[in-house]
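The following exercises are to be worked with the sequence and the three-dimensional model at hand. Each task is followed by a solution in steps.

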Amino acid sequence: MIRPIYLYGADVLRQKAAEADLSKKDELLALVQDLKDTLRTADGCGLAAPQIGVSLRVVIVDGDVVSDTYDYLKGFRRTFINPTITEESAEKSTYSEGCLSIPGIYCDITRPKRITVEYYDEDLKKVTETFDNFASRMIQHELSHLEGELFTDLAAPIRKKMISGKLQNIIKGKVHPRYNSRLK
């Protein structure tokens, strides 16, 4: 089912998400399918459960959307349930990030270049995997949502000042993304 994507200012985006109950597999898989359906219609490369109003530690990423730029991400798709970053590289990289919950705003954000994540997949099997480059970026961006952190929080102070008016316009409902969205 396609769900509305919550926009900047919605309380759910600032909450630390709860652990997903692995004993509720059917409910979890329904949530994962909703995330996939919603992401597909919004044309993004990742989505976290809080972005559709569900404060649980569930994230999906889909590299196909950016595979024209990053060909190694063709067919790269992951579902992360109760993910934890267990290791991150000292080496950093900077990319311009955007977010479906913050339409029309982009900022250069510096994050670790490589991460190792422990998580449960859609079969509820525990997986430990290392990601680098843009795959690492997509995953870190989505995992930040589980902590109630948005990419704009990590922007340089001058950039935060420059986008503050645009963020206020989102809160006031003065944006109209091309996908189904919701303010509160």
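**Exercise 1. Surface and overall form**

Determine how much area the protein chain exposes and what share of it carbon and sulfur atoms supply.

Solution. In this predicted model, the exposed area of the protein chain is about 9,200 Å². Carbon and sulfur atoms supply 47% of that area. Turning from surface to interior, buried residues account for 48% of the 184 residues in the chain.

Next, establish the order of the elements and judge how compact the protein chain is.

Solution. The chain contains 3 helices and 9 strands. Read from the N terminus, their order is β-α-β-β-β-β-β-β-β-α-α-β. The radius of gyration is 16 Å, close to the 16 Å given by the globule rule for 184 residues, so the chain is as compact as a globular protein of that length. Along the principal axes, the C-alpha atoms fill a box of roughly 45 × 35 × 30 Å. Finally, of the contacts between residues at least 6 apart in sequence, 66% join residues at least 24 apart.

**Exercise 2. Helix α3**

Describe the span of α3, locate its bend, and identify its buried residues and what they pack against.

Solution. Step one concerns length: α3 covers residues 157-171, 15 residues in total. From the first C-alpha to the last it reaches 20 Å, close to the 21 Å expected at 1.5 Å a residue.

Step two concerns direction: the helix bends by about 45° at I163.

Step three concerns burial: the buried residues of α3 are I163, L167 and I170. An α-helix has 3.6 residues a turn, so residues three or four places apart point the same way. The buried residues of α3 pack against β6 (102-112).

Step four looks past the end of the helix: just after α3, G173 adopts a positive phi of about 80°.

**Exercise 3. An aromatic pair**

Classify the ring pair formed by Y70 and F134, and state which parts of the chain the pair ties together.

Solution. A search of the whole structure finds 7 aromatic pairs. For Y70 and F134, the ring centres are 4.4 Å apart and the planes lie at 15°; planes under 30 degrees apart count as stacked, so this pair is stacked. Y70 belongs to the loop between β3 (58-62) and β4 (77-88), whereas F134 belongs to helix α2 (residues 133-146), so the pair ties together parts 64 residues apart in sequence.

Are Y70 and F134 buried or exposed? Both are buried. In addition, Y70 and F134 form one aromatic cluster with Y72 and Y95.

Notes:
Residues are numbered from 1 along each chain as its sequence is written. This is a predicted model: local features need pLDDT of at least 70, side-chain atom pairs count only at pLDDT 80 or more; totals for chains, interfaces and linings use all residues. Side-chain values use heavy atoms; hydrogens and water are left out. Helices (H or I, at least four residues) and strands (E, at least two) are DSSP runs, numbered from the N terminus. The expected span of a helix is 1.5 Å times one less than its number of residues. The bend at a residue is the angle between axes fitted to the seven residues ending there and the seven starting there. Buried means under 20% relative accessible area, exposed over 50%, partly exposed in between (1.4 Å probe, protein chains only). Contact means heavy atoms within 4.5 Å. Rings of Phe, Tyr and Trp (its six-membered ring) pair if their centres lie within 6.5 Å; planes under 30 degrees apart count as stacked, over 60 as edge-to-face and the rest as tilted. The radius of gyration is taken over C-alpha atoms; the globule rule is 2.2 Å times the number of residues to the power 0.38. Accessible areas come from the Shrake-Rupley method with a 1.4 Å probe; for residues, only the protein chains shown count as cover.
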